[in-house]
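Visitor: Please take a close look at one part of this model, the second largest pocket, and say how far the model around it can be relied on.

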Amino acid sequence: MQFPPRFEKLYRKTKNKNVTCRKTAHNNVHFCDTALPVDDVVGFSLPSLSVYAAFSAGTICSAVPVGRKFLNTHTKKQTDMDPSEVEFLAEKEMVKIIPNFSLDKVFLIGGDLGPFNPGLPIDVPVWLALNLKQRQKCRIIPPEWMDVEKLEEMRDLERKEDMFTPVPSPYYMELTKLLLNHASDNIPKADEIRTLVKDIWDTRIAKLRLSADSFISQQEAYAKLDNLTLMEINTIRAFLLDTLNCMYKLRSNVQ
Amino acid sequence: MSDALSDDGSDFNQDDTQEDVMTPAELIAKLEEAWLNEKFSPELLENKSEVVECVMEQLTHMFCHQQESNLQRVKKGDAKASIHRMEIDRIRYVLSSYLRSRLQKIEKYFPHVLEREKSRGEGEPSLLSPEEFAFAKEYYANTESYLKAVALKRMPSNLQTVDMIKAVPEPCLDSFVFLRVKERQENILVEPETEDQREYVVDLDEGSQHLMRYRTIAPLVSSGAVQLI
């Protein structure tokens, strides 16, 4: 379908993304069987063709592509942590590798890495292990907890308990993602492990949502969150802290 | 204080056996703690200039060392050089992120930062490094002259001044933060949210994580007893 250039760009940007629209004229316009009140700023997924149709009909006066990237750069505050920064911290964890080259001791600022001998296992930080693996210079040995039976036990325990159970590793989510993406050939039953870790993650996030909800509704001032990993805290950080600060400001202005 | 942190860059080849000198690994750990604390705290924290200087020293040392060994050995140096370079890049990222978040806070709260710096006592550690202080003052002067040129000089003469301290919002110390406890703390007061709740005290155990207001634990952050996460 040929679009005028102005809408071509909008169409490309908003394909399969959320589009915020402000309506102008008619009382009701039906977009995909949803009626919108006038002068509302609404955001929901419209197929871009309908947006174009609405533009030409004059029923919406502006459409702003609100793709994920757009939202993030607009609202990123300085107290936010990017998931890639959490991954950065997770990459400092040590993992065992078996190099296929030899190198004498490397004296890094953060510590010494022992002599590399082909065939002998050695502990290195994850960032180095991944780089060596990508250059096909080593084989990564999965950490002890990355085992199907252990993860199954943990998943069942997590589902039974109401509180958060101790995690296999403070960075289990990032390590699973990194190691399975780059070294799945070195890890037995990689797909099952991926599913199990995802189940554990989903259960914990559900619990986190419930407890955040009760924290806010009961207007608590303090919470203990042992056994929560940084990645889980980070998913809820922006929303929760903003909400709490906002509520505090509203409350303190009333009193 | 300065000799406890004096780090001879050439020591990175062997472990430090003296107890009062920090090893480079500890230095990097301190930098990362400072980075996380600065990122998550609502106000500008104390300046950790010794840590920054020592890390810069280590980085330049390592970088020069790598340049030398690259000229001498080509093949083996390659593998080692790339490992060193990756580590240098990682540390440089943490360092620049730390300095960047400090600058953002200085820009956001500049009158209050300058006020705090002016009114601090003699023996207290400084809030801003000399460069940051110069930056804050310049920013203040630039903002004033900008406001004057754009709007103020066209106002009636009795309204031509702007009190920056009142005009710029203060950092909200009552924001909530996540923290991890490094040293056990007792009897931390938790203030009530609503009128029908009463204040109570909690003990913070080592290694535990909590969510509470920044104001009550602010002194613990500066002393290093808790870590913001």
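Guide: Confidence comes first: chain A of this predicted model has a mean pLDDT (the predictor's confidence in each residue, from 0 to 100) of 78, with 69% of its residues at 70 or more. Residues 19-57 of chain A stay under 50, and the model gives them 92 contacts (heavy atoms within 4.5 Å) beyond four places in sequence. Residues 59-75 of chain A are also below 50, with 42 contacts beyond near neighbours in sequence.

Local features need pLDDT of at least 70 and side-chain atom pairs 80 or more, while totals for chains, interfaces and linings use all residues. Residues are numbered from 1 along each chain, chains are lettered from A and ligands numbered from 1 as written, and side-chain values use heavy atoms, without hydrogens and water.

Now the pocket. A pocket is an open set of points on a 1 Å grid over the protein atoms alone, where a 1.4 Å probe fits, with protein on both sides within 12 Å along at least five of seven lines; lining residues have an atom within 4 Å of a point. The second largest pocket holds about 500 Å³ of space, the volume being that filled by probe spheres set on the points, which are joined across faces, edges and corners. Its lining has 22 residues, and Pro170(A), Tyr171(A), Leu230(A), Arg180(B) and Ile229(B) are the closest to the centre. Helix H9 (230-254) of chain A and helix H1 (24-40) of chain B each give two or more residues to this lining; helices are DSSP runs of H or I, at least four residues, numbered from the N terminus. H1(B) supplies the largest share, four residues.
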